[in-house]
Amino acid sequence: MMLSGRKLLDEVQEQARTLVNRSLDRHIRLAVTGLSRSGKTAFITALVHQLQQLDLTTTLPHWQLVRSGRWLGGRQVPQQYHHIPTFRFDDAKSALLASPPSWPEPTRAVSEIRLELRYRSRHLLRRQLGQSPGSLFLDIVDYPGEWLLDLPLLSLDYRQWSRQVAQQLTEPAVAMLASSWRDAVCQLNAHTPFDEQALAPLVAGYKAWLLACRQQLGLSLIQPGRFVLPGEYDGAPVLQFLPWLAADPDRSPAEGSLYAMLEARYEHYKQHIVKRFYQEHFATFDRQIVLVDCLHTLSAGRTAFDDLERTLSLLLGSFHYGHNNWLRRLFAPRIDKLLFVASKADHVTPEQHAAMQQLLRQLVYGGYGQARFEGIEIQCLAMASLMASRYMSIEWQGRRLPVIQGTDLQGLPVSLFPGEVPCGRPDEGFWQRQRANPEQGFGLVPLRPPLLPAQGPWPHIRLDSALEFLLGDKMK
Ligand SMILES: Nc1nc2c(ncn2[C@@H]2O[C@H](COP(=O)(O)OP(=O)(O)OP(=O)(O)O)[C@@H](O)[C@H]2O)c(=O)[nH]1
Ligand SMILES: [Mg+2]
């Protein structure tokens, strides 16, 4: 049958449209990663709010798309996976807008949100096909930072992981907190028959130690993550194991022995909890942002700083950007851009931001080098998703000092001279000054969120630079 000229034209146009949609990557899955309390949920909330504003010109000037007047608007649309809870944007926003305002709750489970972003396309083919405005679908995943720390476990067997914990315990401050369970665990015999009742108090001691390391020493390497935040596995036997700190077994432990059971539970944890979680939520991300709260770690002291450095290196090592190993097959990464963010930059005065970025660059140096080697584009930024402070300068002992002013969580006004952020790994002098003046720490006084308008734009630091880097090339 002969097609009429009009029909033929329609068909050709439809085929061309399909081709354009395929070639124009209209979908991005953004992995927002970071250790617990690094600012992931605040970032997602601020991002979603900003992207739902129609007029961004005044607040996001460093985002090219906005500057060139091509931004049309953003809205939340139904997400791809129906079985995953939706990110509770309205709850987070209500908390920020409440009187008094408060930060969103710590995250206890995974959730997702999908946005459709509309813009006027510069793409010639798309314009000719009548497809300007263009749409980009952005998927964002939020999850508890505690679970990120499980990722490096995937490349450790039970014996290797146990050695890593034994190494952590060589730090005196860390060992001191383990006194309630460590001696008993060091005395265990690999071949004794497994006894759930006898194991329970030891595991409870181990879990309490993990929490104490985080709360009292500000440590980041808290593994396994589900031991401090079990989610749906609360009470399951798979969360009842601990590292082997006694002598290694002299012969292969029989089935039903203590060692065999601990090892089996560890492996089950890796295969059925960790691997499944990452397969389900992280397998297909295209871009990644890694938030790091450098300032809080500087305040927490040297042990915490060293621990953060080690933790980041373990984490970035396990992403193995572009590497052809089994982790790569797990993630099938298409990731081509990686943004490292030193979060909560509103806790220091602006002239410190360059040092903050430098410090972050040093902290993530290992992963940075690896990713760049694989051709992934990388950037480091000092950013605040929500700016909770104002900058001032005050007269003090005949000098002008830059300070930040804000409100603490109790509602009292605070003026802080945060001091100078070291550009790299701090020297001994820095830690000594820190010990002498503990109240001077960066980010030690958490700030209450600022008073925000329900509809208008929200104050931030470099959120627009982050958007330019993460989305700019996909919205041409
Ligand atoms: N001043 C300031 N504080 C921030 C900012 N972002 C986060 N915070 C602070 O950091 C805390 C943790 O932020 P969240 O966004 O909940 O961190 P998270 O990474 O989602 O934490 P988990 O869900 O526990 O993994 C907040 O309660 C605030 O006190 C920011 O941009 N500026
Ligand atoms: Mg969170």
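**Figure 1. Polar contacts of ligand 1 in the predicted model.** An oxygen atom of ligand 1 lies 2.7 Å from a polar backbone atom of alanine 42. The structure shown is a predicted model. At lysine 344, a polar atom of the side chain is 2.8 Å from an oxygen atom of the ligand. Leucine 386 takes part through its backbone, with an N or O atom 3.1 Å from an oxygen atom of ligand 1. Of the 650 Å² that ligand 1 exposes when taken alone, the protein buries 95%.

**Figure 2. The residues around ligand 1.** How many residues surround ligand 1? The shell holds 20 residues, and the closest are Lys40, Ala42, Gly145, Lys344 and Asp346. By type, the shell is made up of eight nonpolar, eight polar and four charged residues.

**Figure 3. The open sheet of seven strands.** From one edge to the other, the strands follow the order β2-β3-β4-β1-β5-β6-β7, and their pairing is mixed. Why is one side of β2 and of β7 left without a neighbour in the sheet? These strands, β2 (71-77) and β7 (377-382), stand at the edges and each has a single partner strand, so one side of each remains without a neighbour. On average, neighbouring strands of this sheet are turned by 20° against each other, direction ignored. In general, the strands of a sheet pair through backbone hydrogen bonds, in either a parallel or an antiparallel manner.

**Figure 4. Strands β1 and β4, with helix α2 on the sheet.** Strand β1 (residues 27-34) and strand β4 (residues 134-142) run parallel and are joined by five bridges. Isoleucine 28 has leucine 138 of β4 as its bridge partner. Helix α2 (residues 40-51) packs on the sheet, where it touches β1, β2, β3 (111-119), β4 and β5 (287-292). The direction of helix α2 makes about 160° with that of β4.

**Figure 5. Two cis peptide bonds that lead into prolines.** The bond from serine 99 to proline 100 is cis, and its omega is near 0°. Proline 100 is placed in the loop between α4 (89-97) and β3. Glutamine 223 and proline 224 are likewise joined by a cis peptide bond, with omega about -10°. Proline 224 belongs to the loop between α9 (196-217) and α10 (225-228).

**Figure 6. Arginine 37 and its backbone angle.** Where does arginine 37 lie? Arginine 37 is in the loop between β1 and α2. Although arginine 37 is not a glycine, its phi is positive, at about 70°.

Note on methods
Residues numbered from 1 in each chain as written. Chains lettered and ligands numbered in written order. Predicted model: local features only at pLDDT ≥ 70, side-chain atom pairs only at ≥ 80, totals over all residues. Heavy atoms only, no water. Pairing = 2+ DSSP bridges. Helix = DSSP H or I, 4+ residues; strand = E, 2+ residues; numbered from the N terminus. Axes fitted to C-alpha atoms, helices over the stretch in contact; angles between N-to-C directions. Contact = heavy atoms within 4.5 Å. Near = heavy atom within 4 Å. Polar contact = N/O pair within 3.5 Å; in protein donor to acceptor, adjacent residues only side chain to side chain. Areas by Shrake-Rupley, 256 points an atom, 1.4 Å probe, with all protein chains shown as cover. Nonpolar A, V, L, I, M, F, W, Y, C, P; charged D, E, K, R; others polar.
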